[in-house]
Amino acid sequence: MPADASSPIPPAFDQLREHPEAVPEEIPDLLARLAQVPDPRDPRGVRHALVVVLALTACAVLAGATSLLAVGEWIADAPPSVLERLGIRPDPLCPKRVPA
């Protein structure tokens, strides 16, 4: 299914195409880039680090999730190796992992 005309994804791909000479060492790591996003939430209500929430959401969307429900389902079904790579720590009380 093609992206919606208002979707920022096609312009982002165009930006990537403009720099074919870039090497992987010069491109910022996704988690490092997401960590720069300011967190507007009140600290009293924060349960999960914003960088983890954004990274999980980005991965779900890149995997084809097109709604909040689909994002949540992707996160619930994500392989443990992916969750660990994104900074999700194991929950000591149950076998699933939880956002750090």
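## Two charged pairs

D39 is partly exposed, at a relative accessible area of 34%; here, buried means under 20% of that area, exposed over 50% and partly exposed in between, using a 1.4 Å probe and protein chains only. This is a predicted model, so local features need pLDDT of at least 70 and side-chain atom pairs count only at pLDDT 80 or more, while totals for chains, interfaces and linings use all residues. Residues are numbered from 1 along each chain as its sequence is written, and side-chain values use heavy atoms, with hydrogens and water left out.

D39 has a partner in R41: the two form a salt bridge, with the closest N and O atoms 2.8 Å apart. The term covers a side-chain nitrogen of Lys or Arg within 4 Å of a carboxyl oxygen of Asp or Glu. R41 is partly exposed as well, at 32% relative accessibility. The structure holds two of these bridges, and the other one joins the side chains of D42 and R44, at 2.6 Å from N to O. In this second pair, D42 is partly exposed at 38%, whereas R44 is exposed, with a relative accessible area of 76%. As a general point, side chains of opposite charge can pair when their charged atoms come close.

## The overall layout

Zooming out, the chain has five helices and two strands. Both kinds of element are DSSP runs numbered from the N terminus: H or I over at least four residues for helices, E over at least two for strands. Reading from the N terminus, the order is α-α-α-α-α-β-β, so the strands come after the helices.

Of the 100 residues in the chain, 13% are buried. About 7900 Å² of the chain is exposed, and carbon and sulfur atoms supply 63% of that; the areas come from the Shrake-Rupley method with a 1.4 Å probe, and for residues only the protein chains shown count as cover. Now for contacts, meaning heavy atoms within 4.5 Å. Taking those between residues at least 6 apart in sequence, 28% join residues at least 24 apart.

## The core and helix α3

Which residues make up the largest nonpolar core? There are eight of them: L34, V52, A55, L56, A78, L83, L86 and I88. Helix α3, at residues 50–62, gives the most to this core, with three residues. A core of this kind is a set of buried Ala, Val, Leu, Ile, Met, Phe, Trp, Tyr and Cys residues joined through side-chain atoms within 4.5 Å. In soluble globular proteins, nonpolar side chains tend to be buried together.

Helix α3 has 13 residues and spans 18 Å from its first C-alpha to its last, close to the 18 Å expected at 1.5 Å a residue; the expected span is 1.5 Å times one less than the number of residues. The buried residues in α3 are L50, V52, A55, L56 and A60. Just after the helix, G64 takes a positive phi of about 115 degrees.

## Around α3

A core member from outside α3 is A78, which lies in the loop between α4 (68–77) and α5 (80–85). A78 counts as buried, at 10% relative accessibility. Its C-alpha is 8.9 Å from that of A60, although A78 and A60 are 18 residues apart in sequence.

R33 has its place in helix α2 and is partly exposed, at 48%. R33 and A55 are 22 residues apart in sequence, with 9.9 Å between their C-alphas. Q36 is found in the loop between α2 (30–34) and α3, where it counts as exposed at 57% relative accessibility. From Q36 to L50 the C-alpha distance is 9.9 Å, across 14 residues of sequence.

## D29, ahead of α2

D29 is found in the loop between α1 (9–17) and α2, and at 46% relative accessibility it counts as partly exposed. What does the side chain of D29 reach? One target is the backbone nitrogen of L31, at 2.7 Å, and another is the backbone nitrogen of A32, at 3.0 Å.

How values were computed: Polar contact = N/O pair within 3.5 Å; in protein donor to acceptor, adjacent residues only side chain to side chain.
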